[in-house]
Amino acid sequence: MAGSGEKGSELPLQECLQAAVQVALDAGQIIREALRIEKRVQTKSSAADLVTETDQLVEKLIISTLHTKFPSHRFIGEESVAAGDKCILTDDPTWIIDPIDGTCNFVHGAPVVAVSIGLAVNKELELGVIYNCVKEKLYTGRRGHGAFCNGEKLQASKQQDISKALILTELGSIREPTAVRMLFNNMEKLISVQAHGIRIIGSAALDLCHVATGDVEAFYQFGLHCWDMAAAAVIVREAGGILIDTAGGPLDLMSRRVVAAGTSQLAQRIARELEPVAYERDDSTEEAIDSRSK
Ligand code: IPD
């Protein structure tokens with residue numbers, strides 16, 4: 001879709017947020033109804049990287065609804081990228097969409113799934129909407145305007161000490177033995193420095209919402225995608241939390257790795273323990289590499 005040249009300050013961001021909320025609620029109803037019925041499942045990058053007709057249907061609904069309201073905006077959607085669309089973030093307003101975060105849970109009928117819709121303008125994440133459609137919890141965040149769950153303001157944990165931290169992570173869908181071993185080694189290292197516990201729930205977007213609410217102190221993952229964290233990044237930051245790269249520098253949305261925590265001390269402490277697990281970047285096409293070097 002063509003670029004718009006619209007600047008962030010000229011965009012009706014509140015209208016964008018409202019539109020994202022409405023379509024997330026509509027999408028959530030479809031997912032809720034589909035959760036318990038049998039699905040036709042296909043695989044993508046690995047035998048554990050799953051997609052269903054509901055993922056594709058919901059992504060089409062979200063993109064067509066937002067495209068009708070904001071015709072000049074661009075889209076990065078998990079299933080559109082899987083179908084061959086490029087994953088390139090430009091300065092144009094770009095919606096970054098995961099129709100069902102937690103597809104593996106969804107396939108099994110496990111009720112930990114969410115719709116995730118973020119909006120970036122000039123490559124800056126401006127707003128995020130995540131809808132836990134089973135628990136009917138709607139998380140929203142807008143840069144500079146706070147983060148909320150069903151209208152209640154969110155505050156991340158202020159814990160700095162790793163030995164008092166409950167940490168979420170995900171293993172993702174990679175099954176290559178060396179990488180899997182490294183993922184487990186990282187968990188072992190965090191347990192060795194006395195973290196209270198490590199938990200896996202199967203939805204990176206909801207993991208990050210738990211950081212924003214202060215239910216847990218931190219989350220980290222190698223191998224997630226930009227659509228798993230775009231919306232949640234706004235919500236975590238607006239709740240007072242921080243997201244960094246697993247090597248300790250600033251978050252790079254396309255790098256497929258993140259550490260999030262309520263405090264920068266805890267995020268950096270976790271990052272120091274982690275051995276990097278290499279994944280291909282989300283924007284690793286030649287065209288994207290060209291646009292990054294400009
Ligand atoms: C996945 C989930 C999972 C995480 C993967 C993600 P999807 O998203 O968030 O918890 O481990 O890395 O890709 O495929 O269910 O949208």
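Q: Why is helix 6 called roughly parallel to helix 7?
A: In this predicted model, the axes of helix 6 (residues 204–213) and helix 7 (residues 226–238) cross at roughly 5° and come within 9 Å. Angles under 35 degrees count as roughly parallel, and therefore helix 6 is described as roughly parallel to helix 7.

Q: Which residues of helix 6 and helix 7 meet?
A: From helix 6, Ala204, Ala205, Leu208, Val211 and Ala212 take part, and they meet Asp228, Met229, Ala232, Ile235 and Val236 of helix 7.

Q: What makes up the contact of helix 6 with helix 7 by class?
A: The contact has nine nonpolar residues, one charged residue and no polar residues. Asp counts as charged, and Asp228 of helix 7 is among the residues in the contact.

Q: How do you know that Asp228 makes a polar contact with the ligand?
A: An N or O atom in the side chain of Asp228 is 3.1 Å from an oxygen atom of the ligand. A polar contact requires a pair of N or O atoms within 3.5 Å, so the Asp228 pair qualifies.

Q: What makes the pairs of Thr103 and Gln221 with the ligand polar contacts?
A: A backbone N or O atom of Thr103 lies 2.7 Å from a ligand oxygen atom, and a polar side-chain atom of Gln221 lies 2.8 Å from a ligand oxygen atom. Both values are within 3.5 Å.

Key
Residues numbered from 1 in each chain as written. Predicted model: local features only at pLDDT ≥ 70, side-chain atom pairs only at ≥ 80, totals over all residues. Heavy atoms only, no water. Axes fitted to C-alpha atoms, helices over the stretch in contact; angles between N-to-C directions. Helix = DSSP H or I, 4+ residues; strand = E, 2+ residues; numbered from the N terminus. Parallel < 35°, antiparallel > 145°, perpendicular 65-115°, else oblique. Contact = heavy atoms within 4.5 Å. Polar contact = N/O pair within 3.5 Å; in protein donor to acceptor, adjacent residues only side chain to side chain.
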